[in-house]
Amino acid sequence: MKFQIDGSGTPHPTTIDFDTSFDISARKALHIQGLVPPAIEGFSKQERRCMEQINLKSTAIDKYSYLSNLRNTNAGLFYRLLIDHMKELTPYVYTPTVGEACLKWSHIYTNPEGLYLSCSDKGNLRDVISNWPQEAVEIAVVTDGSRILGLGDLGVNGMGIPVGKLALYVGCAGIHPERTLPITIDFGTDNEEFLADDLYMGARHKRIPEAEQKEFIDEMMAALTDRWRQIVIQFEDFKSPFWSLERYRNTYTVFNDDIQGTGAVILGGLISAFKASSIPIDQHRLVFMGAGSAATGVARQICGLFERHGIPESEAKKMFWLVDSRGLVTADRGDELADHKVFFARDDNNGRQFGTLEEVVDFVQPTGLIGLCTIGGVFTESIVRKMAKFNSEPIIFPLSNPSSKSECTYAQAMEWTDNRVVFASGSPFPSIMVDGVERTPGQGNNMYVFPGIGLGTILCEAAHVTESMIYASAAGLAASLNATEKARGDLYPELPRVREVSVIVAREVIRAAQKEGVDRKKTLQFMSDAELDAYIRSKMYDPKVVELGGSRAVSREGSPKGQRGRL
């Protein structure tokens, strides 16, 4: 329920979010008696109705559209449903379905859902941003649509990404939905199909030059922080993500989930994999298929782990072999390497070049194979069987999204390794039965870390998001596994536990911020871990409770209760 309180203390609804779970006293207090059907329903009945409608939808995009409409018309019910059906509904709220939604965004559009900043608004961004109706924004997710998942330049159609991402911030970490801001910057698009599409809703010109883009984002960053002084800004799905992180990380409270969040969630899974491995940590050899910004960002995070185990940086970076479209990334292969590839370029190849992934696998005999190249099926049966030959428990992480771009499937990896694979993927894959036992693949989904990074940063009022805070999120993720999950050999917690995982991740992020002195809410330093966990939980949005103003609140199930969190 979204409403405003007038001078007399009377609440008035501001959106059509009239929930049938409110009892008579709540309906009277909210002035919605008679505006909803008379039956007072518990969540179980609402849930049954919603799930029945979802199950009637025959396609993923139809389920996505239904859930989007529910979020826009009854946010409380949407988030109760998402929290209670996290594993089942997440694929329709974010990946993989959000990729299809972005491709079709201009054709399925019904509500604005976020803030669209056009390059024609340059010089006037403060006025445009002032139009956003919410007064207490804590976090924004920003994209320019230039590299959406593995789908390329989708222009203004990329709005589905920040919208979906922020829905997960709310569902997974309890950041209040009215304190989130999805932003898509429209610099134009180089997608010829969209430029020719009569229904495309963005600017109909090629992308403006990079120098002009940087000037625009400079203005945007200043305008956002002028209005909301402590706003956390997360960059998402930029084709060139490194420059913005380097440009703003010491001036604003920013992070990039493609680089840092992806690196942290994979690192969290690898920490668990390395702990369970019989191979000493300094003996691992990792081959990456993909050498773009996401891949090198992940490799940097893992390199940091090796360094924390006493391996010098000069030796740690030699534990990585990166492969791109031209083969193994080497310092002497004759092309000009992008800046982000230079750090991991091999200089010990003695002039020998390796043109394919399989050649590199043959040469390196890696302990781990990590895919971030968005080339579906590139982990072939031959390559995976070689990984099983080299290792008793081969580590194989096909991490590209959506599932059609995954380097291999879980079923393939299990079959080709005789069920010995240590596996995590970027998109969800179904469980399989092995000798009568259900085996469930790990999903290295960023939603295990970015919500907790955002929540911890907000609660401790961090001035910056440091690399130590990102590492702490990975360590917190690995530490969040419970005894049952560890006994099964899981790399990641069960998805329904993600809100509890976010508490642990947020706590570790806060502690890292405190150690580096970037926290501005100093009172949290004096709390024990148990006290801090309780504090974090108390600040998480609870969609079962709606605030009436002051300290008054009612439960959506009908009973009055004290204010909980920042509702």
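Biologist: Which helix gives the largest share of the lining of the largest pocket?
Modeller: This is a predicted model, where local features need pLDDT of at least 70, side-chain atom pairs count only at pLDDT 80 or more, and totals for chains, interfaces and linings use all residues. Residues are numbered from 1 along each chain as its sequence is written, and side-chain values use heavy atoms, leaving out hydrogens and water. Helices (H or I, at least four residues) and strands (E, at least two) are DSSP runs, numbered from the N terminus. With 5 residues, the largest share of the lining comes from helix 13.

Biologist: What is the volume of the largest pocket?
Modeller: A pocket is an open set of points on a 1 Å grid over the protein atoms alone, where a 1.4 Å probe fits, with protein on both sides within 12 Å along at least five of seven lines; lining residues have an atom within 4 Å of a point. Volume is the space filled by probe spheres set on the points, which are joined across faces, edges and corners. For the largest pocket, the volume is about 1200 Å³.

Biologist: Which residues lie nearest the centre of the largest pocket?
Modeller: The lining has 50 residues. By class, 25 are nonpolar, 15 polar and 10 charged; Ala, Val, Leu, Ile, Met, Phe, Trp, Tyr, Cys and Pro count as nonpolar, Asp, Glu, Lys and Arg as charged, and the others, Gly among them, as polar. Nearest the centre lie Thr440, Pro441, Gly442, Asp490 and Leu491.

Biologist: Why is helix 5 largely enclosed by the rest of the structure?
Modeller: Look at its buried residues (under 20% relative accessible area, 1.4 Å probe, protein chains only; over 50% is exposed, in between partly exposed). Among them are Met86, Leu89 and Tyr92. Helix 5 is largely enclosed because the number of its residues that are buried is 6 of 8.

Biologist: Which strands stand at the edges of the open sheet of 7 strands?
Modeller: Two strands pair if DSSP finds at least two bridges between them. The order is 10-9-8-11-12-13-16, with mixed pairing. Each edge strand has a single partner, so one side of it is left without a neighbour in the sheet: these are strand 10 and strand 16.

Biologist: Do strand 8 and strand 9 run parallel or antiparallel?
Modeller: Strand 9 and strand 10 are antiparallel, with 2 bridges, and form a hairpin with 2 residues between them. On strand 8, Leu286 stands opposite Phe320 in strand 9. Strand 8 and strand 9 are joined by 4 bridges and run parallel.

Biologist: How many residues of strand 9 are buried?
Modeller: Phe320, Leu322 and Asp324 point one way, while Trp321 and Val323 point the other way. Residues on both sides are buried. The buried count is 5 of 5.

Biologist: Which residues of strand 3 point to one face and are buried?
Modeller: The side chains alternate along residues 115–118. Tyr116 and Ser118 point to the other face and are not buried. The buried ones are Leu115 and Leu117.

Biologist: Which residues touch the most other members of the largest nonpolar core?
Modeller: A nonpolar core is a set of buried Ala, Val, Leu, Ile, Met, Phe, Trp, Tyr and Cys residues joined through side-chain atoms within 4.5 Å. The largest has 117 residues. Touching the most other members are Phe288, Ile302, Phe320 and Phe397.

Biologist: How many residues are in the second, separate core?
Modeller: It includes Cys119, Ile183, Leu224 and Tyr252. Its count is 30 residues.
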